[in-house]
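This report covers selected strands, helices, cores and ring pairs of one chain. The sequence and the model come first.

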Amino acid sequence: MQYRHQFPMIRLLAPYMLGIILAIWLQYISLWIGPIILAFFFALVAWNSRNKRKGKYESRWIFGFLLSLCLILLGYQSLINHIYKDRPGHLSIETGTSCMVRISEPATEKERSWKLIAEVIAIRDQGIYKACSGNVLIYLSKDSAIQLPSYGDILFIGKRPVEVAPPSNPGSFNYRKYLESKGIYHQVYLTGKEWIIVQKNSSLSLKSAAVSIRDYLLNILKNTDLKGEEFGVAATLILGYDDELDYSTRKEYSSAGVVHILGISGLHVGIIYLVLNMMLGFLDRIRHGKYIKLVLILVLIWFYAFITGLSPAAQRAAAMFTFVVLGNTGKRNVHIINSLATSAFFLLLMDPYLITNIGFQFSYLSVCGIVLIYEYVYRIWQPKSWWIDKIWSLTAMSLVAQWVTFPLSLYYFHQFPVYFLPANLLVIPLSNLVIYSGMGVLATSFIPWLCNIIALITSYMVTALNGIAHFIDSLPYSLVPNLYLTMPRMLLIYGCIIAISSSLILKRKTYFKIAFCLWTAFCLLSTFDNLKFMHQNKIVVYHINKHTAIGFINGRSSLLHMDSLLSGDIKSIDFNLGGSRTFFGLKDITYHQLTFLYEQIPKSLINGQILQYQNKKIGLIKGLPLARKCASKLTLDYLVITGNQWLTLDQLLKYYSPEMIILDGSVATSRCNKYIESCKKKGIPYWSTREKGAFIADLR
């Protein structure tokens with residue numbers, strides 16, 4: 001089987017994606033790229049016409065080479081064109097103290113605030129408004145949001161948005177990079193007196209209509225027997241609305257290996273496509289019926305995306321299956337891989353940053369893996385019983401999906417769900433039924449008694465779903481955590497997967513030899529990383545807002561000191577420090593609660609602690625009235641200032657002689673700025689975790 005001739009779109013997509021990846025890596029902007037693309041294009045056309053006239057086919061590689069270069073440069077320039085922050089008129093360049101914004105994404109509820117995304121339309125500088133562009137992430141304090149802004153509303157915000165900060169702690173999720181891929185470079189937190197709705201949205205757009213319909217359908221679900229946790233899961237499964245999905249539920253589904261069902265993806269739209277294709281199959285038997293079926297399926301798929309609020313994930317999934325349906329309807333059936341490659345090319349042409357989107361990567365990898373490998377795995381065993389055959393079919397599909405996505409899952413989430421197979425066998429069929437019954441609830445809302453019956457059934461099924469996820473999560477060894485995987489090692493694993501899969505499909509032993517070589521390289525690289533972890537010796541002062549945490553790392557073990565409030569907040573520890581555990585390859589962490597007591601310094605009393613780690617002395621202090629002047633200063637390697645410290649730097653230096661001053665996340669911003677100014681004047685080295693992120697001292 002000649003795959004390069006069977007999948008021509010892959011040969012176009014691959015160089016285009018390579019160009020995008022190079023642009024993300026280099027981000028070098030040049031005015032010469034456009035003219036170079038045109039030059040290659042004209043050379044391509046000239047060579048092709050000349051070659052056709054002479055009938056020389058032995059040099060066809062030149063055409064492919066020139067075309068690939070054009071696509072690489074096109075992909076590169078396509079991503080560069082989506083970097084907006086350096087353009088004239090952008091918020092990053094313009095000066096001003098307040099601005100006008102238009103809401104572009106509806107509000108989502110967070111623990112202490114409401115989150116919105118808005119488009120900047122004007123900025124105010126010295127009393128004059130001027131046109132401005134850029135997207136901004138807005139957080140509204142809950143006590144200020146009496147009337148929440150809606151999609152399309154225009155707001156005045158009396159505060160200049162600030163640039164999104166980079167990750168504060170090693171291994172933390174790079175939220176800044178994630179937002180940049182969406183064209184968002186700034187954020188702002190607003191209280192009640194810092195914003196006002198200037199103009200309500202009066203125009204009717206497709207997006208605003210979609211959001212309104214989604215909210216209307218959510219109210220229907222809320223008015224049924226679906227309450228609390230059940231409503232959060234049902235709303236996520238049926239309408240892709242996950243704002244009311246709590247942290248513990250999401251964590252249980254993740255640990256069980258079925259978190260992929262919690263969100264609109266290729267899985268949801270694929271289920272809808274298969275059901276519609278089966279229900280409308282009778283149209284294939286009538287004249288022009290397949291075209292009628294094509295129109296109906298496309299309309300219904302996009303209608304589903306519409307009622308979910310036209311979220312980006314729903315639009316991607318609908319676009320993916322649009323190309324699949326179009327490919328299957330023509331006179332010559334197009335291979336589904338070509339349809340998928342065409343849809344990916346189209347989506348990346350519209351937004352090249354999609355290549356960094358986790359949902360985009362998982363959707364295409366899982367669907368392509370199932371299309372290419374599933375049939376060969378399924379044929380390994382052909383049971384005679386119909387029920388066993390269906391179970392085996394679902395098992396094979398789950399195995400293939402996990403096979404092609406687990407390296408990506410390890411790279412992003414650093415964990416592996418051990419019982420993913422039984423979880424998926426139970427959850428996927430049940431979640432499909434929840435989607436069907438949920439649609440039934442919405443469709444019968446005008447018949448209250450029937451709607452309530454279907455909603456009650458849906459509630460029972462969602463309760464069963466949650467119960468399965470909770471049970472599997474509670475099983476011993478249900479999750480293998482802290483699996484640190486670097487990009488090179490992930491690529492080596494994918495090389496092994498491709499080689500083994502090729503051997504299975506093409507029946508060639510050579511690919512097994514390639515897989516063995518790649519696996520050997522992976523093992524050597526893993527050994528090198530493990531040796532690096534075993535010989536590390538570090539002091540880390542972490543940045544956690546309003547809290548103090550300092551870790552002593554020796555090899556793969558860590559002693560973590562933290563304040564009393566943080567030590568009782570498991571969610572905050574996991575969110576802020578979970579990534580650091582995998583980043584440093586830690587296997588054993590001992591937690592110690594800091595107690596700031598009167599520490600006897602020579603002839604003085606200071607509220608704090610003195611910590612000794614190997615040959616380094618670290619002072620952690622909070623300010624309380626001093627008893628008297630001290631006769632001698634305490635020499636410290638690091639003086640860590642924490643809490644609402646009211647002592648000035650001059651007062652502290654009467655009692656301490658530090659090599660460096662560290663200001664952690666528990667110090668208020670205003671006080672932090674005063675200390676920084678004093679350190680600069682006195683020439684004392686300092687480190688503010690608010691400005692620079694966690695402080696790391698390598699003691700090797």
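Strand S4 (residues 135-141) is largely enclosed by the rest of the structure, because six of its seven residues are buried. Buried stands for under 20% relative accessible area, exposed for over 50%, and partly exposed for values in between, with a 1.4 Å probe and protein chains only. Strands (E, at least two residues) and helices (H or I, at least four) are DSSP runs, numbered from the N terminus. The model is a predicted one, in which local features need pLDDT of at least 70 and side-chain atom pairs count only at pLDDT 80 or more, while totals for chains, interfaces and linings use all residues. Residues are numbered from 1 along each chain as its sequence is written, and side-chain values use heavy atoms, with hydrogens and water left out.

**Strand pairing**

Asn-135 belongs to S4 and, at a relative accessible area of 25%, is partly exposed. Its C-alpha atom is separated by 9.7 Å from that of Leu-179, 44 residues apart along the chain.

Strands count as paired if DSSP finds at least two bridges between them. The pairings of S1, S2, S4, S5 and S7 are set out below.

| Strands | Sense | Bridges |
|---|---|---|
| S2 (residues 113-125) and S4 | antiparallel | seven |
| S4 and S7 (residues 184-190) | parallel | six |
| S1 (residues 98-109) and S2 | antiparallel | nine |
| S1 and S5 (residues 154-157) | antiparallel | four |

Individual residues show how the strands line up. Leu-137 in S4 stands opposite Ile-117, and has Gln-187 as its bridge partner in S7. Ile-117, in S2, also stands opposite Glu-105. S1 and S2 are joined by a hairpin through three residues. Arg-102 has Ile-154 in S5 as its bridge partner.

**Helices H13 and H14**

Does the end-to-end distance of H13 agree or disagree with its expected span? The expected span of a helix is 1.5 Å times one less than its number of residues. For the 21 residues of H13 (residues 358-378) this gives 30 Å, and the end C-alpha atoms are 28 Å apart, which agrees. H13 nevertheless bends by about 45° at Leu-372; the bend at a residue is the angle between axes fitted to the seven residues ending there and the seven starting there.

The N-terminal end of H13 is capped by Asn-357, with a side-chain oxygen 2.9 Å from the backbone nitrogen of Gly-359. Ile-358 is in H13 and counts as partly exposed at 26% relative accessibility. The buried residues of H13 include Phe-360, Phe-362, Tyr-364, Val-367, Ile-373 and Val-377. The C-alpha atoms of Ile-358 and Ser-409 are separated by 9.4 Å, with their positions 51 residues apart along the chain.

Helix H14 (residues 386-413) bends by about 50° at Thr-405, and Pro-407 follows within four residues. After H14 comes His-414, which has a positive phi, near 60°.

**Aromatic pairs**

Rings of Phe, Tyr and Trp (its six-membered ring) pair if their centres lie within 6.5 Å; planes under 30 degrees apart are stacked, over 60 edge-to-face, and the rest tilted. The count by this rule is 20 aromatic pairs. One of these is tilted and joins Phe-323 to Phe-346, at 5.6 Å centre to centre and 50° between the planes. This pair links distant parts of the chain, 23 residues apart: Phe-323 is in helix H11 (residues 312-329) and Phe-346 in helix H12 (residues 336-350). Phe-323 counts as partly exposed at 21% relative accessibility, and Phe-346 is partly exposed at 38%. Elsewhere, ring pairs link Phe-362, Tyr-411, Tyr-412 and Phe-413 into a cluster.

**Nonpolar cores**

A nonpolar core is a set of buried Ala, Val, Leu, Ile, Met, Phe, Trp, Tyr and Cys residues joined through side-chain atoms within 4.5 Å. The largest has 83 residues, and Leu-239, Tyr-253, Ile-301 and Leu-348 have the most contacts inside it. Helix H16 (residues 448-474) gives the most to this core, with nine residues. Another core, of 20 residues, lies apart from it and has Ile-621, Ile-661, Tyr-675 and Ile-684 among its members.

Thr-642 sits in the loop between strand S18 (634-641) and helix H21 (649-653), and counts as buried at 0% relative accessibility. A polar atom of the Thr-642 side chain lies 3.0 Å from the backbone oxygen of Ile-621.

Key
A polar contact is a pair of N or O atoms within 3.5 Å; within protein, one must be able to donate a hydrogen and the other to accept it, and residues adjacent in sequence count only if both atoms are side-chain atoms.
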